Amino acid sequence: MEKVSTGVPRAAVRAPTKVELSVPPPVLEQVVAAGLTPAQAIKAGTGGAARILGGDKDLGTIEVGKLADLIILDADPLADIRNTRRIW
């Protein structure tokens, strides 16, 4: 694993070998189609999923001291959940 200096204390950064979402875009789209807002779907698929799996101490939200894999999107997923497919 290559170390990357970000200037952010206690942040774990790694170069991903592939992009993974805790909940894939098609599932997020189905959850929104079922009635959740995009924000609710994203929260359920990140922080909610980590809490259910017992990993919320270290994962699920972006906070000092937690581990995180971040992706950059080319469009706002809150405007359209399908934008979670637009990885930059």
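1. Salt bridges first: there are four of them in the structure. Keep in mind that this is a predicted model. Three of the pairs are picked up below.

2. The pair I'd look at before the others is E29 with R85, where the closest N and O atoms sit 2.6 Å apart. The two residues come from distant parts of the chain: E29 belongs to helix 1, R85 to the segment after helix 2, and 56 residues separate them. E29 has 19% relative accessibility, so it counts as buried, the cut-off being under 20%. R85, at 49%, counts as partly exposed.

3. Next, K66 and E63 join their side chains in a salt bridge, 3.2 Å from N to O. K66 is the buried partner, with a relative accessible area of 12%, while E63 is partly exposed at 44%.

4. Then there's R82 with D80, with 2.7 Å between the closest N and O atoms. Here R82 counts as exposed because its relative accessibility is 52%, and exposed means over 50%. D80 comes out as partly exposed at 23%.

5. On to the helix packing. Helix 1 (residues 25-33) and helix 2 (residues 38-52) have axes that come within 9 Å and cross at roughly 130 degrees. That angle is why the two helices count as oblique to each other. The crossing is right-handed.

6. As for what touches what: on the helix 1 side it's L28, V31 and V32, and they meet P38, A41 and I42 of helix 2. By class, this contact has six nonpolar residues, with no polar and no charged ones. E29, the salt-bridge partner of R85, is in helix 1 too.

Note on methods: Residues are numbered from 1 along each chain as its sequence is written. This is a predicted model: local features need pLDDT of at least 70, side-chain atom pairs count only at pLDDT 80 or more; totals for chains, interfaces and linings use all residues. Side-chain values use heavy atoms; hydrogens and water are left out. Axes are lines fitted to C-alpha atoms, for helices over the stretch in contact, and angles run from 0 to 180 degrees between N-to-C directions. Helices (H or I, at least four residues) and strands (E, at least two) are DSSP runs, numbered from the N terminus. Angles under 35 degrees count as roughly parallel, over 145 as roughly antiparallel, 65 to 115 as roughly perpendicular and the rest as oblique. A crossing is left-handed if the near helix is turned anticlockwise from the far one by less than a right angle, and right-handed if clockwise. Contact means heavy atoms within 4.5 Å. Ala, Val, Leu, Ile, Met, Phe, Trp, Tyr, Cys and Pro count as nonpolar, Asp, Glu, Lys and Arg as charged, and the others, Gly among them, as polar. A salt bridge is a side-chain nitrogen of Lys or Arg within 4 Å of a carboxyl oxygen of Asp or Glu. Buried means under 20% relative accessible area, exposed over 50%, partly exposed in between (1.4 Å probe, protein chains only).
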